[in-house]
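Thanks for sharing this one with me. Here are my notes, set out as numbered points so that you can check each against the coordinates.

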Amino acid sequence: MEEQTPKKVMLSGIQPSGDLHLGNYLGAIKNWAERADQFDCFYFMADMHTITVRQEPAALRRRTLEQLAQYIACGLDPEKNTLFIQSHVHQHAELGWVLNCYTMFGELSRMTQFKDKAARNSENINGGLFTYPCLMAADILLYQPDYVPVGEDQRQHVELCRNIVQRFNSIYGDVFKMPEPYIPKAGARVMGLSQPENKMSKSIPEGCIFLMEKPEDIQRKFKRAVTDSDTEHCVRYDPENKPGVSNLMNIYAAVTGKSLEAIEQEFEGAGYGKFKPAVGEAVIETLRPIREEAQRLLQDKAYLESVYRSGAERASYVAEKTLRKVYKKIGFLPR
Ligand code: TRP
């Protein structure tokens, strides 16, 4: 009998600190869904990370469950992927504490996201915000993944995780597998519709398309999308000089599967007045089944509960093995 090589492991998480949007879908979740057969995949709602910034409890609960429903509606099959809620798997907090003690104050001080968030939340610069990358390293290392798909903004945190692995393994031997970040190409990033220099973000809602948004609101945002100040007024791919149009072209390409050249031809001589609503329409049709399926799933709380329970069970089985090994290596007496 042929020996089966184990599948490579992939893991990622999104914080339920806001509603999921088109950038999360096209930049992350859609690709995750396509990898289920090839990889052993773990995806979680990073609820423990969200409390580094004050959250409204009822809203956090709602968004965590909605995020699970949306993951499934976006094509993450719970039979093929391990979907779970971070706080349901206590090993995250436990390994997080251990890794705190193997991460330097100086390293954490250099994290640009910490500096940004501290500047924006000057009234609540708490210890969790500072040590957040240690919890993120624990999230990753518990599952010994080969790849960690993240956005460019998380590269520094994955690099720090790699430094922790290096430090830990050099003391205790090969405990952790070295994870690789898996970062989409620049063109695969979805930028905001109102400020195409910045990535699409919930904090700028007028330029952000939420997965659960009504079609008429989506269309209104596309019609108001910033194109370019040049006088050419033609649909041509040029991210440098035409970031707005190029972003809309990337979005249209991602949802229709058409090439950028084919899109230029399709809208030759048409102007933005025809192009923008066409992109809006294509996005609406892509999101419609996702929204409807997520709404349907949210009516079925028992099903969602069964998904996150069995996800947490599978996740903690794997996580516990790693945690035991770590506790043993560092000298904790077994119970
Ligand atoms: N920090 C990530 C973000 O804000 C979310 C996250 C938490 C994550 N733990 C993770 C992503 C582990 C990948 C792997 O986007």
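1. Let me begin with Thr 82, which counts as buried at 4% relative accessibility. This is a predicted model, so please read every value below as computed from predicted coordinates. Thr 82 belongs to strand E3, which covers residues 81–85. Beyond its neighbours within four places in sequence, Thr 82 is in contact with Cys 41, Phe 42 and Tyr 43, and also with Gly 311, Arg 314 and Ala 315.

2. One of those partners, Phe 42, leads to the aromatic residues. The structure holds 17 aromatic pairs. Phe 42 and Tyr 143 make up a tilted pair, with 4.8 Å from centre to centre and 35° between the planes. Phe 42 sits in strand E2 (residues 39–45) and Tyr 143 in the loop between H7 and strand E4 (147–149), so this pair ties together parts that lie 101 residues apart in sequence.

3. Are the two members of that pair buried or exposed? Phe 42 has a relative accessible area of 4% and is buried. Tyr 143 counts as buried too, at 3% relative accessibility. Both residues belong to one aromatic cluster, together with Phe 44 and Phe 84.

4. Now to the ligand, where I would spend some time with the viewer. It is surrounded by 13 residues, and the closest are Gln 15, Tyr 132, Met 136, Asp 139 and Gln 154. By class, the shell around the ligand divides into 7 nonpolar residues, 5 polar and 1 charged.

5. Which elements supply this shell? Strand E1 (8–14) and helix H7 (127–141) each provide at least two of its residues. H7 gives the most, with 4 residues.

6. Three distances from ligand nitrogen to side chain deserve a look. A nitrogen atom of the ligand is 2.5 Å from an N or O atom in the side chain of Tyr 132. For the side chain of Asp 139, the distance from a ligand nitrogen to an N or O atom is 2.7 Å. In the case of Gln 154, a ligand nitrogen is 3.1 Å from an N or O atom of the side chain. As for cover, the ligand taken alone exposes 370 Å², and the protein buries 90% of that.

7. Thr 64 is a second threonine to inspect. It is placed in helix H3, residues 57–73, and counts as buried at 8% relative accessibility. With neighbours within four places in sequence left aside, Thr 64 is in contact with Pro 16, Met 45, Asp 47 and Ile 85. Ile 85 falls within the residue range of strand E3 (81–85), the strand that also holds Thr 82.

8. My last stop is Glu 266, found in helix H11 (residues 260–266). With a relative accessible area of 39%, Glu 266 is partly exposed, because that value falls between the 20% limit for buried and the 50% limit for exposed.

9. What does Glu 266 touch, leaving aside its neighbours within four places in sequence? Its contacts are Tyr 252 and Lys 258. The side chain of Glu 266 makes a polar contact with the side chain of Tyr 252 at 2.9 Å, and another with the side chain of Lys 258 at 3.0 Å. As a further spatial reference, Glu 266 and Val 235 are 31 residues apart in sequence, with 9.2 Å between their C-alpha atoms.

Key. Residues numbered from 1 in each chain as written. Predicted model: local features only at pLDDT ≥ 70, side-chain atom pairs only at ≥ 80, totals over all residues. Heavy atoms only, no water. Near = heavy atom within 4 Å. Polar contact = N/O pair within 3.5 Å; in protein donor to acceptor, adjacent residues only side chain to side chain. Areas by Shrake-Rupley, 256 points an atom, 1.4 Å probe, with all protein chains shown as cover. Nonpolar A, V, L, I, M, F, W, Y, C, P; charged D, E, K, R; others polar. Phe/Tyr/Trp six-rings, centres within 6.5 Å; stacked < 30°, edge-to-face > 60°. Buried < 20%, exposed > 50% of the residue type's maximum accessible area, 1.4 Å probe, protein only. Contact = heavy atoms within 4.5 Å.
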